[in-house]
Amino acid sequence: MTGLETTELPRPTLTDSDPRTLAAEILKSLTYRIGKDATVAKQHDWLAASIFVVRDRIIDRWIGATKRAYDHKDKRVYYLSLEFLIGRLMRDAFSNLGLLEEMRAALSSLGVDFDAIAELEPDAALGNGGLGRLAACFMESMATVDIPAHGYGIRYENGMFRQEISDGWQVELPEKWLDHGNPWDFERRERSFEVGFGGTVESVTTREGRLERHVWKAGERVLAVAFDTPVVGWRGKRVNTLRLWSAFPVDPILLEKFNAGDHVGALMESNKADALSRVLYPADSHKEGQELRLRQEYFFSSASLQDIIQRHLSVYGTLINLPDKAAIHLNDTHPAVAVAELMRLLMDIHGIDFDTAWSVTKRTFAYTNHTLLPEALESWPVPLFERLLPRLMQIIYSINAQVLLEARAMRTFSDEEIRRISLIHEDGERRVRMGNLAFVGSHSINGVSALHTELMKQTVFHDLHRLYPGRINNKTNGITPRRWLIQCNPGLTGLIREAIGDAFLDDIDRLADLERFAEDAAFREKFAAVKRANKERLATIAWERLHVRVDPSALFDIQIKRIHEYKRQFLNIVEAVALYDQIRSHPEREWMPRVKFFGGKAAPSYHNAKLIIKLANDVAKVINRDPAVRDLLKIVFIPNYNVSTAEIMMPAADLSEQISTAGMEASGTGNMKFALNGAITIGTLDGANVEIKERVGDDNIVIFGLTADEVAAKRQGGYEPRQLIESSPELSQALQAISSGVFSPDEPDRYRTLVNGLYDNDWFMVAADFDAYAAAQRRIDGIWRNSPDWNAKAIRNTARVGWFSSDRTIREYANDIWKVPA
């Protein structure tokens, strides 16, 4: 051997799963990667060492999957999302590789508690709610069903925020999940791309004076640097890539300014770049926040498209076949700017004419709409957009001209309808409509539940649906059963395996085999024992975090989701106040003990949502301390709701609150997670509740309230909420107590405006649905009183919701939209 030759060390494989082998590797990792001896290692050292051992096993699979995609020239899916709420990754990766129990045993042999170190892993602060969690489920399912895919987003350093509750109020603090590094991600400095903002656009002409191309001379530039995280599918069959972008300045310091004494100004460019990947959803109630949001969306969209194009050209040498080899999916309107950016890259950088570029673009993109709320569809003031992205503004005008001429040529659209189709909102402040841009630039536009998809056709995209009638389709959301059953509820998973075997682990539809055990008294008792253990765990959390004692034998009634008026946490709280009044007024009645749990974050600039959080805590303070209630009702608000908290709360739920105003929730996925874990749903006919009802059966779900059509009819006129409130004694008394300061004696008028909104408008139908909701809750009491019947219904929920797997959803996307094998 020469001095340059080395002996290749054997790499660990998935067969190296003996706990003794793993224990030896953990010690080696602790020594050579962490630089610690076992005698002085701390819990976080053991955590990192354990992750590195399993990560080594993932890397071979990861490299192999990537190489196969190149060798076979597979069509790839690129999923663009502003959020990826992936939570903790250690348990997920260990479980999907089949190494969870082996690693537990290995660590135990070293005197280390697996569960204790797993709790130290921070939740990745890369999302906020259902949008981000859906993206995470989809990434895991794409790997599970063997689809070559990349996820693209932003590597937020401080996330949205860490929520603390101070005197009942939400306080926003920065997340610090990256303070100690992230053992799961890999920095890829070689995958860096410049992203420009501002500046001017110049036209380049031929000698004959014909326009040849446009050149955008950006006034400022930042560097997007890739950080890759492996996403492991079930049984490790495929490992895909989640590529997140961090922003860096092209020049970290302006030395001329620094040397002139302007030490702060010298770092201006560095600070502007840093802001791009610092916080998710900066408050957009002011112009600076709006500009930062638009910068973020363009930053990650442009970097992702440059990366996709570079990869594609390295294999095929042409971009004309991009739609045949790349399916780019827009997860909601946040990355809609990618439509114009791909056009810019195709035309200005790669010399493709407009018509060809537009054809390539439309056949490459697909778009998922997640909301019917106009404010969530996003639009940007034309002056802001034009100043920040001048070349893209030109391209959007060109696209708009083509679309409007197409609509006018059909001679079936009125002037008003054409104004609604336009990419530019002309009434009042001129704004760029990002939802319309995503629609016209995509070959497929899908809703996320059957009801939502139909409402899209009737409302926000009615005119565009008429212009392009074949584009809208439905893909009902789903959840990964690995995270939301196998990992978060090992007790129930073990019970199911004992009853029906292991086939459901690989084919979740086999959960249907569990249904026959709903009438088995012995199985029902075991099922109830698992639920009781999960509730005891949540009760411990309530005591340790909040010093609130709750009885695990009570009905655990849980509503955990983003705080928003349409999700109607306010309705839940008002009903709790009415129930409180009834318990005190009628102590002779046989009330069922109940604990109402709430959790969720309010957007920092959303005043009413933050007020609802305060109200929940004020009501809890009064009810929980009132001896007259005799512990028959308690209210608990769990702070800083995130994925890891959901993994504790969902298995503990008896009752799942899915009570949004009908027609306003696109789908919901929490409803699916709760049902899979054996909770009964109380809900409106909204979002995926409609399809859950169809699957679990009318006898195993409690539906109440107005339908979407009835809500629309009331909003069109004739609804008098004041008259309705005054005719409902329970509702009027509860609202009077809230508005008069019974729960806020330090500030009696605190909730007056919130309550007056119901009397004056009631847009979210809180008053309209109250009596039906209260009656449904008393029906729940009656079912809960008969525990064998309750447990049978809960078992049927678990058995009948296998269809709501994200594996099923992804196969539908693959077959119908992306045209890739799954």
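Where does I253 lie? I253 sits in the loop between β9 (239-249) and α7 (255-259), and the views below start there. This is a predicted model, in which local features need pLDDT of at least 70, side-chain atom pairs count only at pLDDT 80 or more, and totals for chains, interfaces and linings use all residues. Residues are numbered from 1 along each chain as its sequence is written, and side-chain values use heavy atoms, with hydrogens and water left out.

**View A. I253, F258 and L267 make a nonpolar patch on the surface.** Together these residues offer about 210 Å² of accessible area (areas come from the Shrake-Rupley method with a 1.4 Å probe, and for residues only the protein chains shown count as cover). Patches are built from residues with over 30% relative accessible area and no salt bridge; like charges are joined within 9 Å, and nonpolar side chains (Val, Leu, Ile, Met, Phe, Trp, Tyr) within 5 Å. I253 has 31% relative accessibility, so it counts as partly exposed (buried means under 20% relative accessible area, exposed over 50%, and partly exposed in between, with a 1.4 Å probe and protein chains only).

**View B. D45 is a buried residue of helix α2.** Helix α2 covers residues 43-72 (helices are DSSP runs of H or I with at least four residues, strands are runs of E with at least two, and both are numbered from the N terminus). The relative accessible area of D45 is 5%. Its side chain makes a polar contact of 2.6 Å with the side chain of K36, and also reaches the backbone nitrogen of K42 at 2.8 Å. A polar contact here is a pair of N or O atoms within 3.5 Å; within protein, one must be able to donate a hydrogen and the other to accept it, and residues adjacent in sequence count only if both atoms are side-chain atoms. Leaving out residues up to four places away in sequence, D45 touches L30, I34 and K36 (contact means heavy atoms within 4.5 Å).

**View C. D56 and R33 pair up in a salt bridge.** The N to O distance is 2.9 Å (a salt bridge is a side-chain nitrogen of Lys or Arg within 4 Å of a carboxyl oxygen of Asp or Glu). D56 belongs to helix α2 and R33 to helix α1 (residues 19-34), so the pair ties together parts 23 residues apart in sequence. Both ends are partly exposed: D56 at 21% relative accessibility and R33 at 41%.

**View D. K596 and E657 form a salt bridge.** Their closest N and O atoms are 3.8 Å apart. K596 is in strand β18 (residues 594-599) and E657 in strand β20 (residues 655-658), so this pair links parts 61 residues apart in sequence. K596 is buried, with a relative accessible area of 0%, and E657 counts as buried at 0% too.

**View E. R778 and D781 share a salt bridge within helix α32.** Here the closest N and O atoms are 2.9 Å apart. The residues are 3 apart in the helix (residues 766-785), which means about one helical turn separates them. R778 is partly exposed at 28%, whereas D781 is buried at 7%. Elsewhere, D167, K614, D618, K621, D746, E747 and R750 are linked in a salt-bridge network, and the structure holds 75 salt bridges.

**View F. Helix α11 is largely enclosed by the rest of the structure.** This helix (residues 337-349) has 13 residues and reaches 17 Å from first C-alpha to last, close to the 18 Å expected at 1.5 Å a residue (the expected span is 1.5 Å times one less than the number of residues). Of its 13 residues, 12 are buried, among them E341, R344 and D348. Just after α11, G351 takes a positive phi of about 70°.

**View G. A578 is buried in helix α23.** The helix spans residues 569-585, and A578 has a relative accessible area of 3%. A578 and A774 are 196 residues apart in sequence, yet 8.6 Å apart in space, C-alpha to C-alpha. Not counting residues up to four places away in sequence, A578 touches E730, A734 and F770.

**View H. N400 is a buried residue of helix α14.** Helix α14 takes in residues 390-410, and N400 has a relative accessible area of 7%. A polar atom of the N400 side chain lies 2.8 Å from the backbone nitrogen of L423. With residues up to four places away in sequence set aside, N400 touches S422, L423 and I424.
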